[in-house]
Amino acid sequence: MEKAEIALTMSKETIFESLMHEYGPKILNMVYLMIKDQKIAEDITQETFMKAYMNWDYFRGESEPKTWLYRIAINETKKYVRSWSFRTIFSKLTLQSQQQAQSKVTDDTESIFFKQNGAVELRKLVLSLSPDYQQVIILRYYQELEMKEIAFILQIKEEAVRKRLSRARQQIKQMLESRGETWM
């Protein structure tokens, strides 16, 4: 349904209630995967919907509302990542996780853990990628968006999305192989 058709049948509040119900959890999950903090992810998600609501009249309908919301969420997440507080907090959390990783008992325990918790470990590998690679992996595989939608959200060409996906998969493959794991 196009924006004009939606606008004729529903009020702005009803539209946003529907959009929040349908896309709120997905956007929250995407932001959480990038930020790794539930409270901040909730704040960014709320800010995403507030900005969308305030700017609904400027939505030109060149894309689906879902794609527009994802673009706003990505931009809000990028803005937060660039902020001083995130860099400070994240560097402390990274140091703590590195110290915990060094205190693992044996490689056998790690291997068993990986097999039992493959999805968790894969998520950690994704989160260790650069933000550009994280974004395409999260949008493609976790949010199940099409290449065209990802390109629109990130404001890059579809070919650039394909290249980033390929490079991200290659980095994950290398990380797995360096740990003695096999690539899918």
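**Salt bridges and a buried glycine**

Reader: Where do Lys79 and Glu76 lie?

Author: Welcome to this predicted model! Lys79 and Glu76 are 3 residues apart, about one turn of the helix. Both belong to helix 4 (residues 65-82).

Reader: Is Glu76 buried or exposed?

Author: Glu76 forms a salt bridge with Lys79, and their closest N and O atoms are 3.3 Å apart. Lys79 is partly exposed at 43% relative accessibility. Buried means under 20% relative accessible area. Glu76 has 9%, so Glu76 counts as buried.

Reader: Which residues are linked with Glu76 in a network of salt bridges?

Author: A search of the whole structure finds 6 salt bridges. One of the residues in the network with Glu76 is its helix 4 companion, Lys79. The full network joins Glu76 with Lys79 and Lys51.

Reader: How many residues apart are Asp132 and Arg164?

Author: The side chains of these two, Asp132 and Arg164, meet in a salt bridge at 4.0 Å, N to O. This pair links distant parts of the chain, with Asp132 in helix 8 (residues 131-142) and Arg164 in helix 10 (residues 158-178). Along the sequence, they are separated by 32 residues.

Reader: Which residues is Gly24 in contact with, leaving aside its neighbours within four places in sequence?

Author: Gly24 sits in helix 2 (residues 12-35). Its relative accessible area is 11%, so Gly24 is buried. Leaving those sequence neighbours aside, Gly24 is in contact with Leu19, Thr45 and Phe49.

Methods. Residues are numbered from 1 along each chain as its sequence is written. This is a predicted model: local features need pLDDT of at least 70, side-chain atom pairs count only at pLDDT 80 or more; totals for chains, interfaces and linings use all residues. Side-chain values use heavy atoms; hydrogens and water are left out. Helices (H or I, at least four residues) and strands (E, at least two) are DSSP runs, numbered from the N terminus. Buried means under 20% relative accessible area, exposed over 50%, partly exposed in between (1.4 Å probe, protein chains only). Contact means heavy atoms within 4.5 Å.
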